[in-house]
Amino acid sequence: MQTPDMRQIQWDAYIASSLLHVQEAKLERVLRPLVPDGSAVQALMHVDEHKAWMQAAASPDSCTNVALHPSCRSVAVSAELVPLLLFSTNDYLGLSAHPAVKAAAAEAAAQVGCGPRSSALVAGFTSEHRQLELELSVLKGTQDALLFPTGYAANVAVVAVLASVSSARGAPAAEPGQQQQQQQQQQQVVVLSDELNHASIIDGARL
């Protein structure tokens, strides 16, 4: 019987091996802390972290996602910071820094608190969420609308459902002895997906 220490050693060895594999494939990613400055297209980074990042990027044998500089493990706002332009965010319209949006968010937080307290299926679906769905359906001229917490969740759900619905429509009505055959037919769905599609689309197709 293995002792807790032996299991810990095996687990540590597994983690080290897996991490080495990721590093050799140059797929390691590091979260680099940015300091918001109120802009939708710019943020600030600790000067030492920026220097370490740029030095790694200049090396042809190194992945740019090197570990955090030791001085950046606790970022102080008063530290020397470098401004960076952001070209990879999802804030396409710059609404995160729009005065009206910030004022509305502050007002909503003061009235109903921060966050819905749980997932929508448990107790997080509020009257405000439903009102937004109704207003979005009117705006888009649709029968109804459905909110998702993230774009990833939306793609995973929508792609999976569309594939299932398409399959179900193509299957004949089930007779008492044909339920298993219909289930097999419902699973016969072909999704053609580009390998460079977003992971959420690929995951939705797999589901």
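Trainee: Which residue in S3 stands opposite leucine 44?
Mentor: This is a predicted model. Strand S2 covers residues 42-46 and pairs with S3 in the antiparallel sense. Opposite leucine 44, in S3, stands proline 83.

Trainee: How many bridges pair S2 and S3?
Mentor: One of the partnerships here links histidine 46 with leucine 81 in S3. Leucine 44 stands opposite proline 83. Over the antiparallel S2 and S3 pair, the bridges number five.

Trainee: What is the bridge partner of proline 36 in S2?
Mentor: Turn to the other pair, S1 with S2. These two strands run antiparallel and are joined by two bridges. In S2, proline 36 has as its bridge partner alanine 43.

Trainee: S1 and S2 form a hairpin; what is the phi of glycine 38 in the turn?
Mentor: Strand S1 spans 35-36, and S2 spans residues 42-46. Five residues lie between the two strands of the hairpin. Glycine 38 sits in that turn, and its phi is positive, at about 85°.

Trainee: Which strands stand at the edges of the sheet?
Mentor: The sheet is open, has three strands and pairs them antiparallel in the order S1-S2-S3. An edge strand here has a single partner strand, so one side is left without a neighbour in the sheet. That describes S1 (35-36) and S3 (81-85).

Trainee: What angle does the direction of helix H2 make with that of S2?
Mentor: H2 covers residues 47-58 and packs on the sheet. The helix touches both S2 and S3. Its direction and that of S2 make an angle of about 90°.

Trainee: How far does H2 reach from its first C-alpha to its last?
Mentor: Start from the residue count: H2 has twelve residues. At 1.5 Å a residue, the expected span is 16 Å. The model is close to that, with a reach of 17 Å.

Trainee: Which residues of H2 are buried?
Mentor: Buried means under 20% relative accessible area. The cover over the buried residues of H2 includes S2 and S3. The buried residues are Val47, Glu49, His50, Ala52 and Ala56.

Trainee: What percentage of the protein's residues is buried?
Mentor: The protein has eight helices and three strands. Along the sequence they follow the pattern α-β-β-α-β-α-α-α-α-α-α. Of its 207 residues, the buried share is 15%.

Trainee: Which two residues form the aromatic pair, and how many degrees lie between their planes?
Mentor: A search of the whole structure turns up one aromatic pair. Its members are tryptophan 11 and tyrosine 14, with 5.7 Å centre to centre. Both lie in helix H1 (residues 4-24), three residues apart, about one turn of the helix. The pair is tilted, with a plane angle of 35°.

Trainee: Why does tryptophan 11 count as partly exposed?
Mentor: The class runs between two cut-offs: buried is under 20%, exposed is over 50%. Tryptophan 11 falls in between, because its relative accessibility is 49%.

Trainee: Is valine 190 buried or exposed?
Mentor: Valine 190 lies in the loop between helix H7 (179-186) and helix H8 (199-206). Its relative accessibility is 71%. The cut-off for the upper class is over 50%, so valine 190 counts as exposed.

Trainee: How far apart in space are valine 190 and alanine 205?
Mentor: In sequence, the two are 15 residues apart. In space, C-alpha to C-alpha, the distance is 9.0 Å.

Key: Residues are numbered from 1 along each chain as its sequence is written. This is a predicted model: local features need pLDDT of at least 70, side-chain atom pairs count only at pLDDT 80 or more; totals for chains, interfaces and linings use all residues. Side-chain values use heavy atoms; hydrogens and water are left out. Rings of Phe, Tyr and Trp (its six-membered ring) pair if their centres lie within 6.5 Å; planes under 30 degrees apart count as stacked, over 60 as edge-to-face and the rest as tilted. Helices (H or I, at least four residues) and strands (E, at least two) are DSSP runs, numbered from the N terminus. Buried means under 20% relative accessible area, exposed over 50%, partly exposed in between (1.4 Å probe, protein chains only). Two strands pair if DSSP finds at least two bridges between them. Contact means heavy atoms within 4.5 Å. Axes are lines fitted to C-alpha atoms, for helices over the stretch in contact, and angles run from 0 to 180 degrees between N-to-C directions. The expected span of a helix is 1.5 Å times one less than its number of residues.
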